[in-house]
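Subject: Handover of a structure for your review

Dear colleague,

Please find below the structure that I am handing over to you. My notes on what was found in it follow directly after it.

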Amino acid sequence: PGRYARWSLGFVDPPIEVSGKDRKCTIKALNDRGKVILPAMKEQMQQLQAQGILEKVQVFSEKSWDGDEENEVVTKVEVLIAPSLDVGSFTEEERSR
């Protein structure tokens, strides 16, 4: 009682963690389900970089063995959001038009 806000959410065994500060955002796989989801998120982040929305996309992976086959598994994606364009200043009258 009194510990959580009315709209607080919690998750049991989440697949990914998304955290960010300032212009940096990190997406990390927390388990095998997250390692399945992360390649799709990596592709989307790379598309955002191509559009100029993200300045940098850095992908971290680890080697994994599936029988006799070696695979690269994405474990973390770090992105840097591009700085916003300077829109300048304007008067109150111009703002409401």
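The search for aromatic pairs in this predicted model gave a count of zero. An aromatic ring does take part in another kind of contact, however: Lys76 lies over the face of Phe60, at 4.7 Å from the ring centre.

Lys76 also has a charged partner. Its side chain meets that of Glu78 in a salt bridge, with 3.4 Å from N to O. How do these two residues differ in accessibility, buried or partly exposed? Glu78 has a relative accessible area of 16%, and because the limit for a buried residue is under 20%, Glu78 is buried. Lys76, with a relative accessible area of 23%, is partly exposed. A further residue belongs to this group, since Lys24, Lys76 and Glu78 are linked in a network of salt bridges.

The count of salt bridges comes to eight. One of them joins Asp13 and Arg33, whose closest N and O atoms are 3.6 Å apart. This pair links distant parts of the chain: Asp13 belongs to the segment before β1, while Arg33 lies in helix α1, which covers residues 32-50, and the two are 20 residues apart. Asp13 counts as partly exposed, at 49% relative accessibility. Arg33 also counts as partly exposed, its relative accessibility being 44%.

Another salt bridge is formed by the side chains of Lys28 and Glu17, at 3.8 Å from N to O. Here too, distant parts of the chain are linked, with Lys28 in strand β2 and Glu17 in strand β1, 11 residues apart. Lys28 counts as partly exposed at 31% relative accessibility, and Glu17 is partly exposed with a relative accessible area of 32%.

The two strands that carry this last pair deserve a description of their own. Strand β1 comprises residues 16-21 and strand β2 residues 24-29. They run antiparallel, and six bridges join them. Among the facing positions, Ser19 stands opposite Thr26 in β2, and Gly20 has Cys25 in β2 as its bridge partner. Together β1 and β2 form a hairpin with two residues between them. Asp22, which is in the turn, has a positive phi of about 55 degrees.

How many of the six residues of β1 are buried? The number is zero, so strand β1 lies largely in the open.

Finally, there is the sheet to which the hairpin belongs. In which order do its four strands stand? The order is β1-β2-β4-β3, in an open sheet with antiparallel pairing. Strands β1 and β3 (54-66) stand at the edges, and each has a single partner strand, so one side of each is left without a neighbour in the sheet. From one strand to the next, the twist averages 20 degrees.

In reading the model, you may wish to begin with the hairpin of β1 and β2, then turn to the salt bridge between Lys28 and Glu17, and finish with Lys76 over the face of Phe60.

Yours sincerely

How values were computed: Residues numbered from 1 in each chain as written. Predicted model: local features only at pLDDT ≥ 70, side-chain atom pairs only at ≥ 80, totals over all residues. Heavy atoms only, no water. Buried < 20%, exposed > 50% of the residue type's maximum accessible area, 1.4 Å probe, protein only. Pairing = 2+ DSSP bridges. Axes fitted to C-alpha atoms, helices over the stretch in contact; angles between N-to-C directions. Salt bridge = Lys/Arg side-chain N within 4 Å of Asp/Glu carboxyl O. Phe/Tyr/Trp six-rings, centres within 6.5 Å; stacked < 30°, edge-to-face > 60°. Lys NZ or Arg CZ within 6 Å of the ring centre and 35° of its normal.
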